[in-house]
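Trainee: I have a model open and want to learn how to read its side chains. Where do we start?
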Amino acid sequence: MSDTHDDEAPVVNAGTLPVRPSKYHESLQDSLAKDVANQAGRMEDLAKLLISLNLAIPALYGAVLKLTQGATATISGVLILIAFASWLVALGLAFMVLLPIKTKVNPNNLLALEKYFATTAERKQMLVMIASLTTFFGICLVIFGLVL
């Protein structure tokens, strides 16, 4: 028998792979830290999709108007102008998600790091949510304008 401490530590069954509790705990902590740090990145991915959407929708709408109404196609009406303005606002908000903000953080202070990641993710989440709602509002206005 060996007198090492590792042999005496119980083994945790993590799925199909037996893992020592300390390594299992470290792995979970590492995964949590990576997940917290990557939250803002997921919001940036959503913002990139919103940018594509907010560039494509007005272009498609204008092309459909031009094709269906020929040379007399004009984008008129207050609803259409508000819709295009809402897409422009949504586009601006989505770009704001991608722009970095300078923040001083003490890298040796765990609470300051956690607050930084949480604040950044919350800010980007709010911008993405408002941009999404503004995009949806513009789409609804266009549909409402076509029905009238």
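Mentor: Start with burial. Lys-124 is buried, at a relative accessible area of 6%. Keep in mind that this is a predicted model.

Trainee: Why does 6% count as buried for Lys-124?

Mentor: Buried means under 20% relative accessible area. Lys-124 has 6%, so the label is buried.

Trainee: Where does Lys-124 lie, and what does Lys-124 touch?

Mentor: Lys-124 is in helix α4, residues 110-147. Leaving aside residues up to four places away in sequence, Lys-124 touches Ala-40, Met-43, Glu-44 and Val-97.

Trainee: Now the rings. How do I describe a pair of aromatic rings?

Mentor: Use two values: the distance of the centres and the angle of the planes.

Trainee: How many aromatic pairs are there here?

Mentor: The count is 2 aromatic pairs. Take Phe-84 and Trp-87: their ring centres are 5.1 Å apart and their planes stand at 75°, so this pair is edge-to-face. An angle over 60 degrees earns that label.

Trainee: How are Phe-84 and Trp-87 placed in helix α3?

Mentor: Helix α3 covers residues 78-98. Phe-84 and Trp-87 are 3 residues apart in this helix, so about one helical turn separates them.

Trainee: Are these two buried or exposed?

Mentor: Trp-87 is buried, at 2% relative accessible area. Phe-84 is partly exposed, at 26%.

Trainee: What about Tyr-116 and Phe-117?

Mentor: Their ring centres lie 5.3 Å apart, with the planes at 65°, so this pair is edge-to-face. Tyr-116 is partly exposed, with a relative accessible area of 30%. Phe-117 is partly exposed too, at 29%.

Conventions:
Residues numbered from 1 in each chain as written. Predicted model: local features only at pLDDT ≥ 70, side-chain atom pairs only at ≥ 80, totals over all residues. Heavy atoms only, no water. Phe/Tyr/Trp six-rings, centres within 6.5 Å; stacked < 30°, edge-to-face > 60°. Helix = DSSP H or I, 4+ residues; strand = E, 2+ residues; numbered from the N terminus. Buried < 20%, exposed > 50% of the residue type's maximum accessible area, 1.4 Å probe, protein only. Contact = heavy atoms within 4.5 Å.
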